[in-house]
Amino acid sequence: MSEAVTPIGGTGTTALPAGFDPTAEAVEKTLCFRGFWAWFVLLLLIGICVLFVMWLLRKCILGPAYRKANRIDGKVVIVTGCNTGIGKETVLELARRGAKVYMACRDPGRCEAARIEIMDRTQNQQLFNRSLDLGSLESVRNFVTRFKAEESRLDLLINNAGIMACPRSLTADGYEQQLGVNHLGHFLLTNLLLDRLKQATPSRIVVVSSAAHLFGRIHREDLMSERNYGKFFGAYSQSKLANILFTRKLSALLHGTGVTVNCCHPGVVRTELNRHFAGPAWMKSALQVVSLYFFKTPKAGAQTTLRLALDPSLEGSTGGYYSDSMRFPLVPWARNTDTADWLWRESEKLVGLPPIEPPPVQNGNGSANGSANGNGSTGTGTPAETVDTVVVNRS
Ligand SMILES: NC(=O)c1ccc[n+]([C@@H]2O[C@H](COP(=O)([O-])OP(=O)(O)OC[C@H]3O[C@@H](n4cnc5c(N)ncnc54)[C@H](OP(=O)(O)O)[C@@H]3O)[C@@H](O)[C@H]2O)c1
């Protein structure tokens, strides 16, 4: 049908097409207008929901903060590896609460920079820069000698320092680097400081482990990963499992002394720990971006350590594994007392300490009594949960 044009009033105004309904046009315009706003409001609501969910998720990622305001004025504290990352944030909070902190770091320059920054921020002048390379048993012994000359008590020891997934290398004493630094160095340090901790009861030890222990196994036949070296799933995970077995064994040995020891997983934290990451540059950059949202901040990563170090409600609580400030049950291979005993004895030999317990009695088939079935139970079939020992003075 051709469109007939109806002149209006012959005044030269635009002619409207036949069938044109100005009211319908107005309604349509109104509807369009409404449609725009409807879309706008809908998208706004979706945006708000997405932001809310992201905020909620971020809060979950950051985990609970330690909020109790208790102070620890004058308490003597050692924190290892605290020039950066989780350790630095831990010292910052302890200094705010009045602690006297010995910062045990391997790089004196970086330690001094962190110390000055923390002193400026907290006005706490009781911070000390001390040299400690956990990859050298001599350095550990020198650190302890100097500390003991300065302090007669130790209220809190935080074994925080760590390295992850480095190429295979050896410590000064010839041990695989990750086991040497993360476990053996701290093993010697803690043992040498036990007498000072007992002078300050109730005192605490906090061991920073990792959820990576879930992938770990203690390779009795290849503890130094000579035959088979896996950077993360092998050596790092083994060292972090060793941290937990050490915590469990030590808590049993210290039973009734007033010294408690607990360990934790700090979460996945945006620190320098991945400095040995060897992937392509684009992957490093991508990881940096992703970590901004999906990783904890170092401050958030320090919260579980802080709870274990500070919370009065944990007085007397020992041998636990914590994550996001909550106690978690351990997988069977992380609470295997037989492996913990074996690792303890082996570690004593490796760092040159006298045995804290008499050697296990050998039975007829050459294996140690109360051991060797690998599932954490004794040879008699009863669960080996407690260890009755006399703790010798390590000084
Ligand atoms: N970040 C995470 O996602 C995560 C997850 C689970 C567990 N953890 C554990 O949390 C702890 C702290 O790690 P972080 O994330 O804070 O890492 P980080 O930023 O790399 O800090 C590690 C600290 O350990 C020190 N360190 C390394 N080797 C040492 C040695 N031989 N002697 C003495 N100090 C040494 C480092 O000193 P330099 O700066 O001089 O190297 C540094 O101060 C580690 O035990 C780690 O295994 C971290």
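What percentage of the 395 residues in the chain do buried residues make up? I looked this up at the start: buried residues make up 47% of them. The model I am reading is a predicted one.

**Entry: overall make-up**

I counted the elements next. The chain has 10 helices and 10 strands. I then looked at contacts between residues at least 6 apart in sequence, and 77% of these join residues at least 24 apart.

**Entry: the sheet**

I traced an open sheet of eight strands, in the order β5-β4-β3-β6-β7-β8-β9-β10, with mixed pairing. At its edges I found β5 (127–131) and β10 (326–328), each of which pairs on one side only. From one strand to the next the twist averages 25 degrees. I note for reference that strands of a sheet pair through backbone hydrogen bonds, either parallel or antiparallel.

I followed β5 inward. Its pairing with β4 (residues 100–105) is parallel and runs over five bridges. I looked up one bridge here: A104 has R130 in β5 as its partner. Helix α3 (residues 108–122) packs on the sheet and touches β4 and β5. The direction of α3 makes about 170 degrees with that of β5.

**Entry: strand β8**

Is β8 largely enclosed or open to the outside? Seven of the seven residues of β8 (residues 259–265) are buried, so I noted the strand as largely enclosed by the rest of the structure. I sorted its side chains by direction. V259, V261, C263 and H265 point one way, T260, N262 and C264 point the other way, and all are buried. As a general rule, side chains in a regular strand alternate between the two faces of the sheet.

I also checked the pairing of β8 with β7 (residues 203–208). These two strands are parallel, over six bridges. In this pair V208 stands opposite C264 of β8.

**Entry: backbone oddities**

I looked for unusual peptide bonds and found a cis one between T201 and P202, with omega about 0 degrees. P202 sits in the loop between α5 (177–198) and β7.

I then went through positive phi values outside glycine. Q123 has a phi of about 65 degrees. I placed Q123 in the loop between α3 and β5. Its relative accessibility is 59%, so Q123 counts as exposed. A165 has a positive phi too, near 55 degrees. I placed A165 in the loop between β6 (156–159) and α5. A165 has a relative accessible area of 15%, so I logged this residue as buried.

**Entry: cysteines**

How many disulfides does a search of the whole structure find? I got zero. I wanted to know why C82 has no bond. The closest cysteine sulfur to that of C82 is in C105, 3.7 Å away, which is too far for a bond; the cut-off is 2.5 Å. C82 is buried at 0% relative accessible area. I looked up C166 as well, and it is buried at 4% relative accessibility.

**Entry: the ligand**

Which residues are closest to the ligand? I found 32 residues around the ligand, the closest being R106, R110, Y236, V269 and T271.

I listed some distances to oxygen atoms of the ligand. A polar side-chain atom of R110 lies 2.7 Å from one. In T271, an N or O atom of the side chain is 2.6 Å from an oxygen atom of the ligand. For G162 I noted a polar backbone atom, 3.3 Å from a ligand oxygen atom.

Terms used: Residues are numbered from 1 along each chain as its sequence is written. This is a predicted model: local features need pLDDT of at least 70, side-chain atom pairs count only at pLDDT 80 or more; totals for chains, interfaces and linings use all residues. Side-chain values use heavy atoms; hydrogens and water are left out. Buried means under 20% relative accessible area, exposed over 50%, partly exposed in between (1.4 Å probe, protein chains only). Two strands pair if DSSP finds at least two bridges between them. Helices (H or I, at least four residues) and strands (E, at least two) are DSSP runs, numbered from the N terminus. Axes are lines fitted to C-alpha atoms, for helices over the stretch in contact, and angles run from 0 to 180 degrees between N-to-C directions. Contact means heavy atoms within 4.5 Å. A residue is near a molecule or strand if one of its heavy atoms lies within 4 Å of it. A polar contact is a pair of N or O atoms within 3.5 Å; within protein, one must be able to donate a hydrogen and the other to accept it, and residues adjacent in sequence count only if both atoms are side-chain atoms.
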